[in-house]
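Colleague: I have a model open and want to learn how to read it. Can you take me through the features one at a time?

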Amino acid sequence: DLDFDGYKRTVGAGVTVVEKNEECDILDGVRLDAEQDMDVQRPLSNVDQAVLLTLCAWNRRNRARDEMNRETQGAIVDRVMLHPTNWIVFTTCLLSRCRIEMTKVQTVDRACMQMQVLCEQYFDEEPGVSERIAFIYSVPYPPRWSLKKELADSMMKIGMLRTAANIFEELGLYKEMVECYIAQDEEEEAEKIVKRQLEKERTPYMLAIMGFIKDDVEWYQASWEES
């Protein structure tokens, strides 16, 4: 295990897993009293795990975003985490855990670290392609650019604006990049980006954001006319 910033890395099904910080007081799963016995859970097949993760994704997208729904998703993730066997299935499981932990102050750091690892593992040489693509159509796992945008959005929400801006720039998402610089009170840098984009294309959004930066109503008027 490699220790970094209080976190440890382990490996399951060829995927790097960021373990919980020792100082975190939230359990990774249900912990029973010593006198209680818990039957050993049988390993689930890859298909069973994929079905459970699809159910977890359905709950996230279609049910209320409340604590009960997150607990339901967490129970599914905990069950799949017990027996990692397939690369893409286990990767999807870790991503589902990240999305749950992004909503908790105590675990948001690990969630960001884990999502960063998931983004970087696209470039790993192992496991091979044949192992990676097995069950790829059975789980709701996003492409790399979509995952990186989700990571940047998450970092922006927790105040890691500079890192988020760098990722948005890499993805060519200048609208979000400008918002990061404005949130950091770096209007001059934001203005430079907006000017470059307006030289390429006069879009209503960029015209409006220029009006916000310069506090000039004429830019808002131009935005209205362009739209």
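Colleague: Which residues does Y141 touch, leaving out those up to four places away in sequence?

Modeller: This is a predicted model. In it, Y141 touches I88, T91, T92 and L95. Its other contacts are L118, Q121, Y122 and L147.

Colleague: How should I read a nonpolar core?

Modeller: In soluble globular proteins, nonpolar side chains tend to be buried together. Here the largest nonpolar core has 50 residues. Y141 is among the members that touch the most others, together with F90, M115, L118, L147, V178 and V194.

Colleague: Which helix gives the most to this core?

Modeller: Helix 3, with 9 residues. That helix spans 87–101.

Colleague: How much of the chain is buried?

Modeller: Of its 227 residues, 38% count as buried. C93 is one case, at a relative accessible area of 0%. C180 is buried too, with 0% relative accessibility.

Colleague: And disulfides? How many are there?

Modeller: A disulfide is a covalent bond between the sulfur atoms of two cysteines. The test is a pair of sulfur atoms within 2.5 Å. The count here is 0. Take C93: its nearest cysteine sulfur belongs to C56, 8.1 Å away. C93 is in no disulfide.

Colleague: How do I look for empty space?

Modeller: Rolling a probe the size of a water molecule over the atoms shows where empty space is left. In this structure, the search finds 2 cavities of 30 Å³ or more. The largest holds about 40 Å³.

Colleague: Which residues line the largest cavity?

Modeller: C56, A57, R60, Q73, S96, R99 and I100. Helix 1 (46–62) and helix 3 (87–101) each give two or more residues to that lining. By class, the lining has 3 nonpolar, 2 polar and 2 charged residues.

Colleague: Now the fold. What is the pattern along the sequence?

Modeller: It reads β-β-β-α-α-α-α-α-α-α-α-α-α-α. That comes to 11 helices and 3 strands.

Colleague: Where does A13 sit?

Modeller: In the loop between strand 2 (7–12) and strand 3 (15–18). Leaving out residues up to four places away, A13 touches P84, T85, N86, W87 and F90. Its C-alpha atom is 9.0 Å from that of P127, although the two residues are 114 apart along the chain.

Colleague: What share of the chain's contacts joins residues 24 or more positions apart?

Modeller: 49%, taken over contacts with a separation of 6 or more.

Key: Residues numbered from 1 in each chain as written. Predicted model: local features only at pLDDT ≥ 70, side-chain atom pairs only at ≥ 80, totals over all residues. Heavy atoms only, no water. Buried < 20%, exposed > 50% of the residue type's maximum accessible area, 1.4 Å probe, protein only. 1 Å grid on protein atoms, 1.4 Å probe; cavity = no way out; pocket = protein on both sides within 12 Å on 5 of 7 lines; lining within 4 Å. Points joined across faces, edges and corners; volume = space filled by probe spheres on them. Helix = DSSP H or I, 4+ residues; strand = E, 2+ residues; numbered from the N terminus. Nonpolar A, V, L, I, M, F, W, Y, C, P; charged D, E, K, R; others polar. Core = buried A, V, L, I, M, F, W, Y, C linked by side-chain atoms within 4.5 Å. Contact = heavy atoms within 4.5 Å.
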